[in-house]
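Subject: Structure handover

Hello,

Here is the structure you asked for, with the sequence alongside. Please open it and keep it in view while you read the notes below.

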Amino acid sequence: MSIDLRSDTVTHPSPSMREAIASATVGDDTLDGDPTTRRLESRVAEVLGTEAALFFPSGTQANLTGLLLHAEPGSEVLLEAGAHHIHYEHAGLAAIGGVQIRPIPADGRLTADHVRDALRPNSRFFPRPSVLSVENTHNQSGGRVTPPSTWDALVAVAGDLMLPVHLDGARLWNAAVAADVPVERLARGATTIMVSFSKGLGCPVGSCLAGSRDDMDRAWTIRRRLGGGMRQSGMLAAAALYALEHHLPGLAEDHAKARRFAERLTSHAALVPIPPETNIVMLDLRGDRQADWEAARLAERGLRLSVFGTGRLRAVFHRDVSPDEADRAADLILDVVR
Ligand SMILES: *Cc1c(COP(=O)(O)O)cnc(C)c1O
């Protein structure tokens with residue numbers, strides 16, 4: 001059996017999650033509502049402190065919908081330069097919304113100062129910024145956390161500029177565990193929030209967009225337009241409800257596995273693991289070691305990692321990898337570079 005650390009999306013639904021799926025009460029969600037999906041949406045709204053939430057098949061679609069609520073064609077969206085939305089969502093805003101992206105380099109941790117510095121003066125010559133989007137945790141930088149104080153300052157600067165704030169919280173659960181605050185604390189003041197169930201929470205499918213009731217009514221139409229209207233979605237919502245109850249506490253263990261793994265790797269001079277804040281470890285290789293070459297050799301030995309650049313590998317810890325396997329993964333890497 002190989003150890004798969006390519007992403008936290010590789011997790012399989014556990015036997016009891018499959019039982020929750022099998023016994024879900026369902027309806028036609030697009031026609032007149034699915035009861036289990038309704039229950040999930042209320043629960044998510046409650047957890048995030050919003051009026052309403054809407055269930056989506058993917059985070060990509062929920063992000064796009066959230067941003068399209070705020071950004072009219074010809075306006076620009078302010079994002080950190082490494083944002084998931086810029087790199088992994090196939091230019092959805094440009095292709096579908098006629099919206100320009102304004103990347104702000106901040107190494108994964110956007111601050112109010114970055115936003116202030118990036119803004120052009122109000123002028124008829126410049127495109128109008130329509131929304132600020134913040135990603136927490138920040139995937140490409142290795143799961144960095146935007147803590148409550150930084151988040152509050154971002155919300156405040158957006159308020160000064162009268163910009164809505166979209167929160168890409170695919171791993172907001174991890175951020176809340178790392179910052180040791182309720183998840184609502186890291187979402188406070190956001191106009192719309194996206195959270196995923198298919199990452200560390202271990203569900204097969206699903207994300208939610210949360211916000212005001214008015215915005216979620218409009219989001220329903222956009223979701224339908226994008227092909228995201230579902231039918232007996234209670235099968236999927238049941239998995240998400242199960243995960244919120246049973247898998248959320250396990251995220252702290254994922255962070256602990258990541259920390260141990262990174263510490264173990266510091267013993268070799270050719271390896272430079274970035275100390276993780278959450279469940280993602282970026283591993284830089286010294287000298288002329290090629291990440292794709294090392295990854296192929298590790299795969300032969302039963303360890304799967306992502307290549308994140310010519311000299312960088314990524315390991316993501318999740319509920320389907322045990323602490324023992326995490327240690328074994330580190331030992332395998334030490335063995336291969338020796
Ligand atoms: C995975 C991810 C998404 C998109 O979610 P999908 O369900 O894969 O479409 C969005 N933002 C971030 C930060 C992610 O990590």
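Strand 3 and strand 5 (residues 129-135) pair in the parallel sense, with four bridges between them. E76 of strand 3 has P129 of strand 5 as its bridge partner. Please keep in mind that this is a predicted model.

Strand 3 also pairs with strand 4, again in the parallel sense, over five bridges. Here E80 is matched with I104 in strand 4. In general, strands of a sheet pair through backbone hydrogen bonds, and the pairing is either parallel or antiparallel.

How many residues of strand 3 (residues 76-80) are buried? Five of the five are, so the strand is largely enclosed by the rest of the structure. Buried here means under 20% relative accessible area. In a regular strand the side chains alternate between the two faces of the sheet. For strand 3, E76, L78 and E80 lie on one side and V77 and L79 on the other, and both faces are covered.

The sheet

These strands belong to an open sheet of seven strands with mixed pairing, in the order 2-8-7-6-5-3-4. Which strands stand at the edges? They are strand 2 (52-56) and strand 4 (100-104); each has a single partner strand, so one side of each is left without a neighbour in the sheet. On average, neighbouring strands of this sheet are turned by 20° against each other, direction ignored.

At the strand 2 edge, the partner is strand 8 (residues 207-211), and the two run antiparallel with five bridges between them. If you want a point to look at, find F55, which stands opposite C208 in strand 8.

Strand 6

Two residues of strand 6 (residues 165-169) are worth finding. H166 is in this strand and is buried, with a relative accessible area of 0%. The side chain of H166 makes a polar contact of 2.8 Å with the side chain of N63.

D168 is in strand 6 as well. D168 has a relative accessible area of 6%, so it counts as buried, the cut-off being under 20%. The C-alpha atoms of D168 and T30 are 25 Å apart, and the two residues are separated by 138 residues along the chain.

The ligand

The model holds a ligand with 13 residues around it, and those that come nearest are G59, T60, D168, R171 and K199. D168 is thus a residue of strand 6 that also appears in this list.

Three side chains have polar atoms beside ligand oxygen atoms:

- T60: an N or O atom of its side chain is 2.6 Å from an oxygen atom of the ligand.
- K199: an N or O atom of its side chain is 2.8 Å from an oxygen atom of the ligand.
- R171: a polar atom of its side chain is 2.9 Å from an oxygen atom of the ligand.

The ligand on its own has 380 Å² of accessible area, and the protein covers 85% of that.

Which helix gives the most to the shell around the ligand? Helix 3 (residues 59-70) does, with three residues. By type, the shell residues divide into two nonpolar, six polar and five charged.

Backbone points to check

A few places in the loops have backbone geometry to look at.

The peptide bond joining N136 and T137 is cis, with omega of about -5°. T137 is in the loop between strand 5 and helix 7 (148-160).

A91 is not a glycine, yet its phi is positive, at about 50°. A91 sits in the loop between helix 4 (84-87) and helix 5 (92-97).

M162 also has a positive phi, near 55°, and is a residue other than glycine. The loop that holds M162 runs between helix 7 and strand 6.

Are A91 and M162 exposed or partly exposed? A91 has a relative accessible area of 43%, so it is partly exposed. M162 has 74% relative accessibility, so it counts as exposed, the cut-off for that being over 50%.

That is what was found. Please go through the strands and then the ligand with the structure open.

Regards

Terms used:
Residues numbered from 1 in each chain as written. Predicted model: local features only at pLDDT ≥ 70, side-chain atom pairs only at ≥ 80, totals over all residues. Heavy atoms only, no water. Pairing = 2+ DSSP bridges. Axes fitted to C-alpha atoms, helices over the stretch in contact; angles between N-to-C directions. Near = heavy atom within 4 Å. Polar contact = N/O pair within 3.5 Å; in protein donor to acceptor, adjacent residues only side chain to side chain. Areas by Shrake-Rupley, 256 points an atom, 1.4 Å probe, with all protein chains shown as cover. Nonpolar A, V, L, I, M, F, W, Y, C, P; charged D, E, K, R; others polar. Buried < 20%, exposed > 50% of the residue type's maximum accessible area, 1.4 Å probe, protein only.
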